[in-house]
Amino acid sequence: MRQLYDSGADIPCPLEQYGNAILMEFIGGEEGGAPLLKEVGLERDEAERLYKNILDNIELFLACDRIHGDLSAFNVLYWEGETVIIDFPQMVDPRSNRHAFDLLARDVDKVSEYFRHQGVDTMPGSFTADLWSRYMHGQLNV
């Protein structure tokens with residue numbers, strides 16, 4: 001997580017690690033924690049911007065040799081007009097996971113499904129294929 005955060009990923013800042021537990025920055029305000037993206041309705045312009053941003057994060061994760069593995073609107077917080085990706089226990093290294101492409105495709109599909117319902121035109125299959133091809137050819141940069 002530190003590598004992803006230091007690379008500019010939109011994730012909570014990891015503060016401390018105790019064994020397998022990670023203390024992370026709180027996302028929210030005095031009234032409580034940020035809502036999950038699935039709980040938020042968006043105007044189309046904002047939805048398009050946030051969708052692109054999440055796809056950029058998926059690409060950044062892959063450039064850092066990581067795939068979330070369970071990304072959806074249930075694992076994204078929405079706060080002050082921005083998104084923050086959470087829930088990383090199932091994250092995988094695509095260099096050593098034979099299901100990496102399928103996990104990447106599932107992440108993109110689930111995120112795209114939420115944004116389709118927000119009025120965004122999505123093409124998850126072509127995005128995933130292009131991203132994976134660029135990854136396999138060493139064309140992704142952090």
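Start by selecting D65: at 18% relative accessibility it counts as buried (under 20% relative accessible area, with exposed being over 50% and partly exposed in between, using a 1.4 Å probe and protein chains only). You are looking at a predicted model, where local features need pLDDT of at least 70, side-chain atom pairs count only at pLDDT 80 or more, and totals for chains, interfaces and linings use all residues. Residues are numbered from 1 along each chain as its sequence is written, and side-chain values use heavy atoms, leaving out hydrogens and water.

Now add R95, whose side chain meets that of D65 in a salt bridge (3.3 Å, N to O); the term means a side-chain nitrogen of Lys or Arg within 4 Å of a carboxyl oxygen of Asp or Glu. R95 sits in the loop between β6 (82–85) and α3 (100–117), and D65 in the loop between α2 (44–63) and β5 (76–79), so the pair ties together parts 30 residues apart in sequence. Helices (H or I, at least four residues) and strands (E, at least two) are DSSP runs numbered from the N terminus. Unlike buried D65, R95 is exposed at 57%.

Next, pick D93 and R66, another salt bridge at 3.3 Å, N to O. D93 is buried at 18% relative accessibility, while R66 is partly exposed at 27%. Show all four together: D65, R66, D93 and R95 are linked in a network of salt bridges.

For a last stop, go to helix α4 (residues 124–136), where D130 and R134 are four residues apart, about one helical turn. Their side chains form a salt bridge of 3.0 Å, N to O, and D130 is partly exposed at 41%. To explore further, note that the structure holds eleven salt bridges.
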